[in-house]
Structures are given as structure tokens and as C-alpha cells.
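I opened this chain to work out how its elements are arranged and which residues lie inside. My notes follow the order in which I looked things up.

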Amino acid sequence: MPAHDFFHSVMRIGPVQIGTHRDRHGTTKHAAVCSNDNCGWSADYTTRSAAQLAARTHRCCVR
Ligand SMILES: [Zn+2]
């Protein structure tokens, strides 16, 4: 099952959504996911501030 199914507390910065989910060890991860279908970028971070920073600096590869 994709981790995104556990998304909650979603916020949005530009095209990027940030939500938390738990990995299989029960550790809360902060995931940043680009909502642009043509981009598909996503990454997990251990802190929300890191995920927010990544969302702010994300540049879609789509032109
Ligand atoms: Zn993107």
C-alpha cells in the first residue's frame, strides 16, 4: 500500500503538498509530494521544517 494513503495534516506550498505518515517502524515522516502529474517528485523528511524547505525550493522539471 502506498505511503500516501496515510497522509494527513496536509498543507500546500505552491504545487507541493506536505503531509505526515508513519513508516513501518511507526516513525512519523514528513513527506513532500508534488501534485503536478507531469512532475511526480516526492521525498520523505524527518522534520516538517525540512519538508517545507524542500517544498519551497522545489522546481518542477516540467516546462
Ligand atoms: Zn514538481
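The entries below go from the overall layout to the sheet, the core and two single residues.

**Entry: ground rules.** I count residues from 1 along each chain as its sequence is written. The model is predicted, so I kept in mind that local features need pLDDT of at least 70 and that side-chain atom pairs count only at pLDDT 80 or more, while totals for chains, interfaces and linings use all residues.

**Entry: confidence.** I looked up pLDDT, the predictor's confidence in each residue, from 0 to 100, and found that the chain averages 87, with 87% of the residues scoring at least 70. By element, confidence is lowest in β1, at a mean of 85, and highest in α1, at 96. I remind myself that where pLDDT is low, the predicted coordinates should not be read in detail.

**Entry: layout.** I took helices (H or I, at least four residues) and strands (E, at least two) as DSSP runs, numbered from the N terminus. On that basis the chain has one helix and four strands, and their order from the N terminus is β-β-β-β-α. I then checked burial, where a residue is buried if 20 or more other C-beta atoms lie within 10 Å of its own, exposed if 12 or fewer, and partly exposed in between, with C-beta atoms placed from the backbone. Of the 63 residues, 14% count as buried. For contacts I required C-beta atoms, placed from the backbone, within 7 Å; among contacts between residues at least 6 apart in sequence, 22% join residues at least 24 apart.

**Entry: the sheet.** I counted two strands as paired if DSSP finds at least two bridges between them. The four strands form an open sheet in the order β1-β2-β3-β4, with antiparallel pairing. β1 and β4 (42-45) stand at the edges, each with a single partner strand, so one side of each is left without a neighbour in the sheet. Neighbouring strands are turned by 25° against each other on average, direction ignored; the axes here are lines fitted to C-alpha atoms, for helices over the stretch in contact, and angles run from 0 to 180 degrees between N-to-C directions. I also noted that α1 lies across β1, β2, β3 and β4, running at about 10° to β3.

**Entry: the two hairpins.** Four bridges join β1 (residues 8-13) to β2 (residues 16-22), and I listed three of the partnerships: arginine 12 with glutamine 17, methionine 11 with isoleucine 18, and isoleucine 13 with valine 16. This hairpin has two residues between its strands, and glycine 14 in the turn has a positive phi of about 60°. β2 is joined to β3 (residues 28-34) by seven bridges, with arginine 22 opposite threonine 28. Here the hairpin leaves five residues between the strands, and glycine 26 in the turn has a positive phi of about 85°. Of the six residues of β1, the number buried is zero, so β1 lies largely in the open.

**Entry: the core.** Which residues make up the largest nonpolar core? Taking a core as a set of buried Ala, Val, Leu, Ile, Met, Phe, Trp, Tyr and Cys residues joined through C-beta atoms within 7 Å, I found eight residues: Val16, Ile18, Ala31, Ala32, Val33, Cys34, Ala51 and Ala55. β2, β3 and α1 (48-57) each give two or more residues to this core, and the largest share, four residues, comes from β3. In soluble globular proteins, nonpolar side chains tend to be buried together.

**Entry: isoleucine 18 and valine 16.** Isoleucine 18, in strand β2, is buried because 20 other C-beta atoms lie within 10 Å. Beyond its neighbours within four places in sequence, isoleucine 18 has contacts that include Val10, His30, Ala51 and Ala55. Its C-alpha is 5.6 Å from that of alanine 31, although the two are 13 residues apart in sequence. With the same neighbours set aside, valine 16 is in contact with Ala32, Val33, Cys34, Ala55 and His58.

**Entry: cysteine 61.** Is cysteine 61 buried or exposed? Cysteine 61, in the segment after α1, counts as exposed because 11 C-beta neighbours lie inside 10 Å. Cysteine 61 and cysteine 39 are 22 residues apart in sequence and 6.2 Å apart in space, C-alpha to C-alpha.

Key. Contact = placed C-beta atoms within 7 Å.
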